[in-house]
Amino acid sequence: MSNVTTEQFQAVAAIVSNKDIKPVKSATFSDKAKYYGFYKRATVGKLLPPMARFVSFFCDNSRLPHNAHDFSLFFIDDDDTDIESRPKSRPGMLAVEGRAKYDGWKGCQDMTKQEAMDAYVALAQEQVGQPVTDVLEGK
């Protein structure tokens, strides 16, 4: 699966969220977390680490913390929007669903938006089947 268009991605996301469409294979809890992570990465952007909200404070690399080994984590992508809607930290261990969603989104941290859309559609095609294939073929 490569280079899914935004329109195809949105159509597949509507199919996945439609309760009336019966999937070929039921989604496990882990699959649902993957769906969430791929979708959030493709639509919102990266899940930023907690220090990222202080990017505006760090005007140049000399002001970065001495233990910041990967400077790329401290900079916001051009395609990222709505920074304030991201969780500030990982939910606690009793918030099972919230923690799974957070981990699913964090698992997509190194993907591009295009890779996340492609992965979402590939997972949907594997689990939902023909309705997704029809969207991709333009039927």
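**The nonpolar core and helix α4**

The largest nonpolar core of this predicted model comprises 17 residues, and those with the most contacts inside it are F9, V12, Y120, V121 and V132. A nonpolar core is here a set of buried Ala, Val, Leu, Ile, Met, Phe, Trp, Tyr and Cys residues joined through side-chain atoms within 4.5 Å. Buried denotes under 20% relative accessible area, exposed over 50%, and partly exposed in between (1.4 Å probe, protein chains only). Two or more residues of this core come from each of α1, α2 and α4, and α4 gives the most, with six residues. In soluble globular proteins, nonpolar side chains tend to be buried together.

Local features need pLDDT of at least 70 and side-chain atom pairs count only at pLDDT 80 or more, whereas totals for chains, interfaces and linings use all residues. Residues are numbered from 1 along each chain as its sequence is written, and side-chain values use heavy atoms, with hydrogens and water left out.

The protein has five helices and zero strands; helices (H or I, at least four residues) and strands (E, at least two) are DSSP runs, numbered from the N terminus. Of its 139 residues, 32% are buried. Among contacts (heavy atoms within 4.5 Å) with a separation of 6 or more, 75% join residues 24 or more positions apart.

Helix α4 spans residues 113–127, 15 residues in total, and reaches 21 Å from its first C-alpha to its last, close to the 21 Å expected at 1.5 Å a residue. That expected span is 1.5 Å times one less than the number of residues. The buried residues of α4 are K113, A116, M117, D118, Y120, V121, L123, A124 and Q127. An α-helix has 3.6 residues a turn, so residues three or four places apart point the same way. The buried residues of α4 pack against α1 (6–17), α2 (29–43) and α5 (130–136). Within α4, Y120 illustrates this packing: apart from its neighbours within four places in sequence, Y120 is in contact with F9, V12, A13, V16, Y35, F38 and Y39.

The two ends of α4 may be considered next. Before the helix, T112 lies in the loop between α3 (96–106) and α4. T112 counts as partly exposed because its relative accessibility is 38%. The C-alpha atoms of T112 and R41 are separated by 7.8 Å, although these residues are 71 residues apart along the chain. After the helix comes G129, whose phi is positive, near 90 degrees.
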